[in-house]
Amino acid sequence: MSAPRTVLDAVPYWDTYYGNTFRFGQATEHILDLLGQVPPVPTWTDLGAGSESLLWATALDARELTAVDTDPDRLATLAVFARTSRPRGVHQVALALCGRGPEHFTDRCRSLTATLVADCLSPGRLPTWTLRADLLTQFGLLGLCRDPRHFTDAFVRLHAHLPENGWAVGANWVAADSTGRVHLTHQIYRHAALRAGLHLLHLDRIPSTDPQFPLVWTYLARRMPR
């Protein structure tokens, strides 16, 4: 069974959700706040990144970013955007929310050191080095899992190589039409985090004003020393 598709193809998705309008009330500000709790890190891998990593980067201080996605067009959009180093309207608002200036965005654009075309939800498709980053993020990726077992297996596999004291941050949108998507609950997240050896510092289900995705799950976790 193929995974559910994202709501729009690459270009319309980029222009609709990551153009000039910051969509308050759709949990983006909450995600930025969570990311702002992560201290500076040397390496960051954004799993299922699409074209959007540089929005999340506005809240972070990561020296090297690797963006991974199954869609080469979305990664190409991200790479071109990073080279321009010019924030769109949504990024300007995010910078203001995070108390950052334009120079921070330029630094974040320079931090994109690699893009990788790979299916993060299929076993054996990712090189291990991408999962050994000090910060692993996923925004929307695990919400595409088919069922609780698929979600737990993917969560554990993706975080298996996170180093001690490493960070994990994520958000998954609940579709109004959730056919073929896992039904997310507190229990599923806690079980997956426990299996992965992560300590959940934050887990919340947030209402959204987006009628297509009326709920968003957000989490912040850390690999504790064994």
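## A buried loop residue

Leu141 lies in the loop between β4 and α7. This is a predicted model. Is Leu141 buried or exposed? Its relative accessibility is 9%, so Leu141 counts as buried; the cut-off for buried is under 20%.

Which residues does Leu141 touch, once neighbours within four places in sequence are set aside? The contacts are Leu47, Gly48, Cys120, Leu121, Leu158 and Asn172. Thr28 gives another reference point for this residue. Leu141 and Thr28 are 113 residues apart in sequence. In space, their C-alpha atoms are 15 Å apart.

## The chain as a whole

The chain holds eight helices and seven strands. Its radius of gyration is 16 Å, and the globule rule gives 17 Å for 226 residues. The two values are close, so the chain is as compact as a globular protein of that length. Along its principal axes, the C-alpha trace spans about 40 × 40 × 30 Å.

How much of the chain is buried? Buried residues account for 52% of the 226 residues. Contacts also reach across the sequence. Take the contacts between residues at least 6 apart in sequence: 71% of them join residues at least 24 apart.

## One open sheet

The seven strands form an open sheet. Read across it, the order is β3-β2-β1-β4-β5-β7-β6. The pairing is mixed. Which strands sit at the edges? They are β3 (112-117) and β6 (198-207), and each pairs on one side only. From one strand to the next, the twist averages 15°.

Helix α6 (residues 102-111) packs on this sheet. It touches β2 and β3. The direction of α6 makes about 45° with that of β3.

## Strands β1 and β2

Strand β1 (residues 41-47) pairs with β2 in the parallel sense, over six bridges. One pair of partners is Thr45 and Thr66, with Thr66 in β2.

Strand β2 covers residues 62-69, and Thr66 is part of it. Thr66 has 8% relative accessibility, so it counts as buried. What surrounds Thr66, apart from neighbours within four places in sequence? Its contacts are Trp44, Thr45, Asp46, Thr113, Ala114 and Trp129. Thr45 is therefore both a bridge partner of Thr66 and one of its contacts.

## Around strand β5

Strand β5 spans residues 167-174. Seven of its eight residues are buried, so the strand is largely enclosed by the rest of the structure. In the sheet order, β5 comes between β4 and β7.

On one side is strand β4 (residues 135-139), which runs parallel to β5 and is joined to it by five bridges. Phe139 stands opposite Ala171 in β5. Helix α7 (residues 148-159) joins the picture here: β4, α7 and β5 make a right-handed β-α-β unit. The loop of Leu141, between β4 and α7, belongs to this stretch.

On the other side is strand β7 (residues 215-223), which pairs with β5 in the antiparallel sense over eight bridges. Which residue in β7 is the bridge partner of Val174? It is Leu215.

## Strands β7 and β6

Strand β7 is also well covered. Seven of its nine residues are buried, so β7 is largely enclosed by the rest of the structure. Next to it in the sheet order comes β6.

Strands β6 and β7 run antiparallel, with nine bridges between them. His202 pairs with Leu220 in β7. Beyond β6 the sheet ends, as β6 is an edge strand.

## Two cysteines, no disulfide

How many disulfides does the chain have? The count comes to zero. Why are Cys120 and Cys145 not bonded? The closest cysteine sulfur to that of Cys120 is in Cys145, 11 Å away, which is too far for a bond. A disulfide needs the two sulfur atoms within 2.5 Å. Seen from Cys145, the closest cysteine sulfur is in Cys120.

Both residues are buried. Cys120 has a relative accessible area of 2%, and Cys145 has 0% relative accessibility. Cys120 has appeared before, as one of the contacts of Leu141.

Notes:
Residues numbered from 1 in each chain as written. Predicted model: local features only at pLDDT ≥ 70, side-chain atom pairs only at ≥ 80, totals over all residues. Heavy atoms only, no water. Buried < 20%, exposed > 50% of the residue type's maximum accessible area, 1.4 Å probe, protein only. Helix = DSSP H or I, 4+ residues; strand = E, 2+ residues; numbered from the N terminus. Pairing = 2+ DSSP bridges. Right-handed = clockwise from strand over helix to strand, strands pointing away. Contact = heavy atoms within 4.5 Å. Axes fitted to C-alpha atoms, helices over the stretch in contact; angles between N-to-C directions. Rg over C-alpha atoms; globule rule 2.2 N^0.38 Å.
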